[in-house]
Amino acid sequence: MNKILVTGGCGYIGVHTIVDLVQNGYEVISVDNNSRSDAAILEGAEKILGKKIKNYKIDICNLSETKVIFQENNDIIGIIHFAAYKAVGESVEKPLLYFGNNLVSLINILKCAQEFNVLHFIFSSSCTVYGNPDKIPVTEDTPQKPAESPYGATKQIGEVIVANTISSNNINAILLRYFNPVGAHPSILIGEMPLGKPANLVPAITQTAIGKLPAMQIHGRDYETKDGSCLRDYIHVCDIAHAHTLAIDYLVNKKHSAKCEIFNLGTGTGYTVLEVIKAFEKVSGVKLNYTIGPRRAGDVIAIYANNNKAKTELGWQPKYNLDDMMDSAWKWELQLKNNKN
Ligand code: WQD
């Protein structure tokens, strides 16, 4: 009786979380329509785990299809909801695509949780809900500024939907606000698989370094930061994954004091874009070909986490430092290239 449904299980954070959950004794099934992910990534997870992971190739925007999962698995005790579109720039170009997909899928999975009495719900949120904070580091109580993009707005609205939905039933929820997930599993059997040109910094770095991209641009170097480039809290994807296992444990063992708890998942240290590039060059031995370009619309200038609540209440302790993140991201990129040849 410890089956967890992971939505978006073929996604970057989803697949790493599946590995961590199974290694910590949970049974896991995935639902992912692979519109933005490659089902083959589960093979890497299965190699690490030595067991099959079932994925329902269903779009959870389709409620009747989604209900089949629960009709076929009446022993699901918790849901971890990752499935969403997440490209900040695309969300600015196509806001209704993002509001439609990210909110309808969330509403449907909550309807299933209610109908099939699944009591533990974890929502994949993001530091983007803070907007451009006045004061950093941010705590879970830092007031939210207007989201800088429709993607960020779907996370802000998503949190409100979860909190309001569970207030009238016996579901308990946790909102996990990720900072910037990067890196790959130490086995290098799973990692980030961005479709098309990567929007995020670390895959842009590794794809440029390996020659998949001719060069990369730093989006602005005239910000009020130590070196003019934006500052973020980069966190290893395996540390993020383990936080989900601790969060499910926390709910299952009834350690929560409120029906809807919020936790920041960041290392508590911020690095600028230029510092990340410097760390990558040191770890990989590769000189990166980059230019300084214009600012990117929707970018937050600087943000990093106060992660004390997750440390004290979840017992979460990030294990990996920036060099580890760069090393695993680079080894994953090299592996992808070797696999292609
Ligand atoms: C980081 C910094 C860019 C690419 C978003 C979402 C967040 C999460 C991660 C889903 C910025 C700069 C980037 C490049 C660059 N989404 N950059 N050149 O925007 O902080 O966060 O993605 O999980 O919720 O908000 O991440 O990696 O896109 O950018 O200079 O080629 O790197 O301008 O300053 P971001 P990012």
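A polar contact is a pair of N or O atoms within 3.5 Å. That cut-off applies to the ligand distances in the views below. The model shown is predicted.

**Figure 1. The whole protein, with 11 helices and 13 strands.** The radius of gyration is 19 Å. The globule rule gives 20 Å for 341 residues, so the protein is as compact as a globular protein of that length. Along the principal axes, the C-alpha atoms fill a box of roughly 55 × 50 × 40 Å. Of the 341 residues, 57% count as buried. The accessible surface comes to about 14,400 Å². Carbon and sulfur atoms hold 52% of that surface. Contacts reach far along the chain: among those between residues at least 6 apart in sequence, 81% join residues at least 24 apart.

**Figure 2. Polar atoms around the ligand, with Ser126, Leu201 and Gln217 among the residues that come nearest.** Arg232 and Asp299 also belong to this nearest group, out of 20 residues around the ligand. Ser126 places a polar side-chain atom 2.6 Å from an oxygen atom of the ligand. Leu201 uses its backbone instead: an N or O atom there lies 2.7 Å from a ligand oxygen atom. For Gln217 the partner is a nitrogen atom of the ligand, with a backbone N or O atom 2.7 Å away. Taken alone, the ligand exposes 690 Å². The protein buries 92% of that area.

**Figure 3. The shell around the ligand, with helix H7 and strand E8.** Helix H7 (201–209) and strand E8 (216–219) are the elements that give two or more residues to the shell. E8 gives the most, with four residues. By residue class, the shell divides into 10 nonpolar, six polar and four charged.

**Figure 4. Helix H2 and its cover.** H2 spans residues 41–49. Its buried residues are Ile41, Leu42, Gly44, Ala45, Glu46 and Leu49. In an α-helix there are 3.6 residues a turn, so residues three or four places apart point the same way. The cover over the buried residues of H2 includes two other helices, H1 (12–23) and H11 (322–340). Strand E3 (54–56) is also part of that cover. Gly50 follows H2 and has a positive phi, near 70 degrees.

**Figure 5. Asn102 in helix H5.** The helix covers residues 95–115. Buried or exposed: which is Asn102? Asn102 counts as buried, because its relative accessibility is 6% and the limit for buried is under 20%. The side chain of Asn102 makes a polar contact with the side chain of Asn101, at 2.9 Å. Beyond its neighbours within four places in sequence, Asn102 is in contact with Ala84, Tyr85, Tyr151 and Thr154.

**Figure 6. Asn307 in a loop.** The loop runs between strand E13 (290–293) and helix H10 (308–314). Asn307 has a relative accessible area of 4%, so this loop residue is buried. Which residues does Asn307 touch, not counting those up to four places away in sequence? They are Asn264, Gly266, Thr267, Gly268, Trp316 and Pro318.

Conventions
Residues numbered from 1 in each chain as written. Predicted model: local features only at pLDDT ≥ 70, side-chain atom pairs only at ≥ 80, totals over all residues. Heavy atoms only, no water. Buried < 20%, exposed > 50% of the residue type's maximum accessible area, 1.4 Å probe, protein only. Contact = heavy atoms within 4.5 Å. Near = heavy atom within 4 Å. Polar contact = N/O pair within 3.5 Å; in protein donor to acceptor, adjacent residues only side chain to side chain. Areas by Shrake-Rupley, 256 points an atom, 1.4 Å probe, with all protein chains shown as cover. Nonpolar A, V, L, I, M, F, W, Y, C, P; charged D, E, K, R; others polar. Rg over C-alpha atoms; globule rule 2.2 N^0.38 Å.
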